[in-house]
Each structure stands twice: as structure tokens, then as C-alpha cells.
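Please consider the structure shown below with attention to its ligand and its pockets. The paragraphs that follow begin at the ligand and then turn to the spaces in the protein.

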Amino acid sequence: MSKRSCLSIILAAGEGTRMKSSKPKVLHEIAGLPMVAHVVAAARSAGGGDVAVVVGHGADAVRNALTRLSPAPETFVQAERLGTGHAVLAARAAIERGHDDVLVMFGDTPLIEADVLSEARAQLAKGAAVVVVGFRPASPAGYGRLIVVDGKLVAIREDKDASDAEKQIGFCNGGLMAIAGKHALSLLDKVGNANAKGEYYLTDIVGIAAEAGLDVVATEASAASVLGINNRAELAEAEGIWQQRRRREAMLSGVTLVAPETVYFSHDTEIGQDTLVEPNVWFGPGVKVAAGARIHAFCHIEGASIATGCDVGPFARLRPGADLHEKAKVGNFCEVKKATVEKGAKVNHLTYVGDARVGAGANIGAGTVTCNYDGYSKFFTDIGEGAFVGSNSSLVAPVSIGNGAYVASGSVITESVPEDALAFGRARQKTLPGKGKSLRELRASAAAKK
Ligand code: UD1
Ligand code: CA
């Protein structure tokens, strides 16, 4: 990693009206994380140093989302939307601190990869004054074209200002730029707004630098890594690309995905080697899966921790605070919320365990429900080690079941059960010999009279 100091400026003042949304564009999420936070993360992993975000439309909401990052990036306000060059200068105070490298990124380009940024910085280290990350889109309309003369980048022409000949150029500006810190302010201050949009174009610094005899370089990135998001169709496209990358990374790190295209990860999913994930599994935010677990088909998992050797699903829902210790089992149509399922415990069928502890080796029968809520407050259920809860039981919290205790099937347990006790919480069965037959005859003759 370069020893040069770096400032990353992320432009996020745009309105994004084509998202048709009440929230600012850059707060729309990819893999559960706002787009702008993806850009911050890429900047940081490329050694992007100090990160400054230029906010405008929806400034408070964007700032608020950024405070959740650690460390939170600095923000600057661009009060009027006068163009990308003007937006960069909103962070003038940060630029004046005199970093070696200044990276400029867009908050709506969430798939930018750290190595694209690192490559641009490497060009600065070799003496370039300005580095432009170019790409070749399927259709160049709308993008700034890179004007290359005798192998040298001499200008960027914005679509609206381009001649017909220039519009034929397929090599375009991806929107990412690296500027040598010592030239940054003098270049930016020379940008004017005499163009088709009447905006201060950041891209004009390329021509300004080239005319001043400074070294200007274009690198090339894949179209995916500079994909800009303007509407929700592009948002979904970016999500798809992100998921593809993450699945591949998971598989290369030793996770088996039987049908990778059906597994959805979150930005922060951690998943260990030799874990097997069957088709159609959703990982929401905050999930940690250790090595050697099995996640069967159709599970929905968020905010949960799954230890080694656990078996989850098919059709299990793990909600925030589900903490499965080694070799625990949570089977089909079970929901676990804010509950610990200790080592080797089994919650296998049609069960709700919420605000609870299930002790090591305990067995929870089919259809058990921890009744944890009275409409106002939540209460805790504690199930001891090796306890056995018979099928179709309701455990009305607050309540505890002692170690090794038995709960008879179909019980409604409202009082705590001591260690090793057997509790029945249901009416006794009454059996009347022959009464079934006489009842049937009675019903049949009544029906015949109708
Ligand atoms: C920009 C580039 C173009 C490039 C394209 C890549 C310029 C002048 N043009 O065009 O060469 O091919 O991106 O997608 O830079 N923003 C502000 N304040 C402003 C204006 C913009 O913060 O006053 C932010 C926007 O929120 C957005 C980014 O800058 O995140 C780019 O602005 P946008 O208007 O989308 O630029 P393009 O016309 O797409
Ligand atoms: Ca754009």
C-alpha cells in the first residue's frame, strides 16, 4: 500500500429524481448497505485515507446514515447544484490540508472496487497529475467521452457538448478521478461553466491539465465497476452484480453453494469454510455462520449467529438475536428470535422460540410456542439442559423449565417446572366405551329425517 496520503471525496449531492423515492438516491441499499457506504468502504480499502462526502439534497438523512459508519466520514454541503467541479470544491477545506492524492468518486456508483482506485493512485505515484478511469459502455450516450490524441488523453467532452464525430467515441468517463493533491485546487479553480449545461464540470480539469503540460492518464475499468445508479432497475442490476461477486468470493473461500444464484448475502455476512448452503437462502444483515454448518433450503436468516456443526432448516427463520451454539438444530417451520439454543439442543419442527434460552441437549417438541408477549411487554423463558418439552406445548413466560424436566405434550405451562420434574398442564383424558358408535347413530338418524 502506498505511503502517500490520500483524501477521498465522494459526491452525493444529487437529487436522484428518477428513483421516484422519498429518500435520497445514495441511501438506497445494495446488500442492505446504502450505496454511499459501499463507496466509502471501497475508498477505505484502497487506503483512501480521509473520506469526505459532499451532501446536498437530503443532507440530514445522508449525514445521519454516515454517522453509523466507523469512523464516520466528514461531510461538506454543496448548497446549490452547480456541477461536479463545483461539488468537489465544497470540500475545499479538506483539499487545503494538502494530501498527496485526491480521489473523486460518485456516491451513486456503488460497485467501484478497491483495486480500480489503487491503480489510479499508482498512476499518481508515477507522476500523473490527473487520472481518469475510463470504461467502454454498451451504449456511450450520456457519458463524457475521452478525447485521446496521439495516445494521450487531452480532454473529456460531455455528451451534451460533443460533436457528432466525438459522439462516436466509445471510451467514456466512468466518473472516477484521481488528482495529484499539489495540483488539485489550481486545476479546479480554473473550471468555468461555459458549456451546454451551464455547469462547472469536474471533467474540464483534464483539458486544463493537458494544456498546462501536466501528465494526464486514462486507465480502464469494467463497465460493472463504474455502473451508475439512476433508477430502481439499475439498482437491481447493481444488486445482482454485487451478489454474483459475493457468491463467488464465498465459494472460493470454501463455502459450498449448491445453487449460488439463489443465495443472497448481506454486505456483512460472515460464513465459514465447509459450510453448505442449499438453494434459496436469504442472509439479512448481521449474520455470522461458523465453519462446517449446514443451511438447508428456504431459510431466512438475519442478525443471527450459527456455530460449527449446526443444522438449520429447511424453511427456518432466524431473527435478530438468534444464537445457535455448536451442533444445535433448528428445523423446518421454526422461528427463533433473541434466543440462545445451546450445544446440541434440538428445535426441529413447527416451533416458535423467542426471548428464551434452550439449554444444551434439550429437545423441544413439534409445535411448541414460547408465549413471550402480552401485548405490552416481552418475557423470558428459560429451558434447562436436557429438558424435554412435549409437542404442542405453550410455555407462558416468564417461566422456567428446570434441567432434565419433562413437559407433557399439549401442556400450557404457566408455572415454573423444577429440575427433573414432570409437568402436565392439560385436562385429563376421559374415554367412554361404545359412546362413539351411539353418537354416530344419533347423528345419522337426525340427518335422515331432514
Ligand atoms: C458525469 C460525468 C461524465 C461521466 C458520468 C459517469 C461530469 C461533468 N460528467 O456525468 O463525464 O461519463 O458522470 O457516470 O462530471 N453531483 C453533485 N453535485 C453537482 C452535480 C453532481 O454532487 O452539482 C454528483 C451527483 O449526485 C452524482 C455525481 O455527482 O453522484 C455525477 O453527477 P451527474 O449529474 O450524474 O453527472 P453525469 O451527467 O452523469
Ligand atoms: Ca450520472
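In this predicted model, 20 residues surround ligand 1, and those that come nearest are Gln78, Gly83, Thr84, Glu158 and Asn173. By class, the shell around ligand 1 is made up of eight nonpolar, eight polar and four charged residues.

Several polar contacts can be followed from oxygen atoms of ligand 1. One such oxygen atom lies 2.6 Å from a polar backbone atom of Asn173, a residue that is also among those nearest the ligand. The backbone of Gly14 likewise offers a polar atom, at 2.8 Å from an oxygen atom of the ligand. With Arg81 the partner is in the side chain, where an N or O atom is 3.2 Å from an oxygen atom of ligand 1. On its own, ligand 1 has 750 Å² of accessible area, and the protein covers 88% of this.

Which elements give two or more residues to the shell around ligand 1? They are strand S1 (6–12), helix H3 (84–89) and strand S10 (172–180).

The space that ligand 1 takes up is the largest pocket, which holds about 1,300 Å³ of space. Its lining comprises 41 residues, and Arg81, Phe106, Asp108, Lys197 and Asn230 are the ones nearest the centre of the pocket. Arg81 thus appears both in this central group and in a polar contact with the ligand. S1, H3 and S10 each supply at least two residues of the lining, as does helix H9 (232–252). The element that gives the most is S10, with four residues. Divided by class, the lining of the largest pocket has 13 nonpolar, 16 polar and 12 charged residues.

The second largest pocket contains about 160 Å³ of space. Among the residues that line it are Leu33, His38, Ala41, Ala42 and Ser45, together with Pro110, Leu111, Ile112, Glu113 and Ala114; Trp242 and Arg245 also belong to the lining. Helix H1 (35–45) and H9 are the elements that give two or more residues to this lining. The most comes from H1, which gives four residues. The lining of the second largest pocket divides into eight nonpolar, two polar and two charged residues. H9 therefore deserves attention in both places: H9 supplies at least two residues to the lining of the largest pocket, and H9 gives two or more to the lining of the second largest pocket.

Key:
Residues are numbered from 1 along each chain as its sequence is written. Chains are lettered from A and ligands numbered from 1 in the order in which they are written. This is a predicted model: local features need pLDDT of at least 70, side-chain atom pairs count only at pLDDT 80 or more; totals for chains, interfaces and linings use all residues. Side-chain values use heavy atoms; hydrogens and water are left out. A residue is near a molecule or strand if one of its heavy atoms lies within 4 Å of it. A polar contact is a pair of N or O atoms within 3.5 Å; within protein, one must be able to donate a hydrogen and the other to accept it, and residues adjacent in sequence count only if both atoms are side-chain atoms. Accessible areas come from the Shrake-Rupley method with a 1.4 Å probe; for residues, only the protein chains shown count as cover. On a 1 Å grid over the protein atoms alone, a cavity is a set of points where a 1.4 Å probe fits but cannot get out, and a pocket is an open set with protein on both sides within 12 Å along at least five of seven lines; lining residues have an atom within 4 Å of a point. A molecule sits in a cavity or pocket if more than half of its atoms lie within 2 Å of its grid points. Ala, Val, Leu, Ile, Met, Phe, Trp, Tyr, Cys and Pro count as nonpolar, Asp, Glu, Lys and Arg as charged, and the others, Gly among them, as polar. Grid points are joined across faces, edges and corners, and a volume is the space filled by probe spheres set on the points.
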